[in-house]
Amino acid sequence: MPILKRRMTMEYKKSNNVTIRTEQKPTPLKEWMAEGERLFGKDFMQWKFRCPMCGHVASIREFKEAGAKDPNVAYQECIGRYRGAGAPGAKDGNPDGCNWAAYGLFGIPNDKGRLILSEDGTVVEAFDYAREEVEP
Ligand SMILES: [Zn+2]
């Protein structure tokens, strides 16, 4: 008889006090950073993230070049926000990305992004690494 595994839905608090319910287990910040280093190396500028809404991949360097002041936006904002792009799902296929932000009202739809567990115990919704860029 196969054993049916039921995934647990858990509740987590975001730093803005919003509670999210998800089946995803948050990744501790340190593990998440180690994962980035394993995928892309020690130079943060080379780290790439995929927008969960339009699929656009951008490196932290590209964000800087597009005018982002804070490198941390690379895992929470689509680069389209710095290129004047519109909403995800545009007719033109979002060649410049879209205007999505993980910290926005809607967050990231279930299973499309990552949950990162901060050291203060809150979770942060983040875009996932563009791992297919380095892994076959
Ligand atoms: Zn996007």
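Helices (H or I, at least four residues) and strands (E, at least two) are DSSP runs numbered from the N terminus, and two strands are said to pair if DSSP finds at least two bridges between them. The structure is a predicted model, in which local features need pLDDT of at least 70 and side-chain atom pairs count only at pLDDT 80 or more, whereas totals for chains, interfaces and linings use all residues. Residues are numbered from 1 along each chain as its sequence is written.

With five residues between them, β1 and β2 form a hairpin, and Asn17 in its turn has a positive phi of about 75 degrees. Within this hairpin, Lys13 stands opposite Thr19 in β2. The two strand pairs are set out below.

| Strand pair | Sense | Bridges |
|---|---|---|
| β1 (residues 10–13) and β2 (residues 19–22) | antiparallel | four bridges |
| β4 (residues 48–50) and β5 | antiparallel | three bridges |

An open sheet of three strands, paired in the antiparallel sense, follows the order β5-β4-β8. Because β5 (57–59) and β8 (128–129) stand at the edges with a single partner strand each, one side of each is left without a neighbour in the sheet.

Phe49 has Ala58 in β5 as its bridge partner. Leaving aside neighbours within four places in sequence, Phe49 is in contact (C-beta atoms, placed from the backbone, within 7 Å) with residues including Ala58, Ala74, Tyr75 and Phe127.

The largest nonpolar core (buried Ala, Val, Leu, Ile, Met, Phe, Trp, Tyr and Cys residues joined through C-beta atoms within 7 Å; buried means 20 or more other C-beta atoms within 10 Å of a residue's own) has 26 residues, of which Phe49, Cys51, Phe63, Ala74, Cys78 and Cys98 touch the most other members. The elements giving two or more residues to this core are α2 (60–66) and β7 (123–126), and β7 gives the most, with three residues.

Terms used. A residue is buried if 20 or more other C-beta atoms lie within 10 Å of its own, exposed if 12 or fewer, and partly exposed in between; C-beta atoms are placed from the backbone. Two residues are in contact if their C-beta atoms, placed from the backbone, lie within 7 Å.
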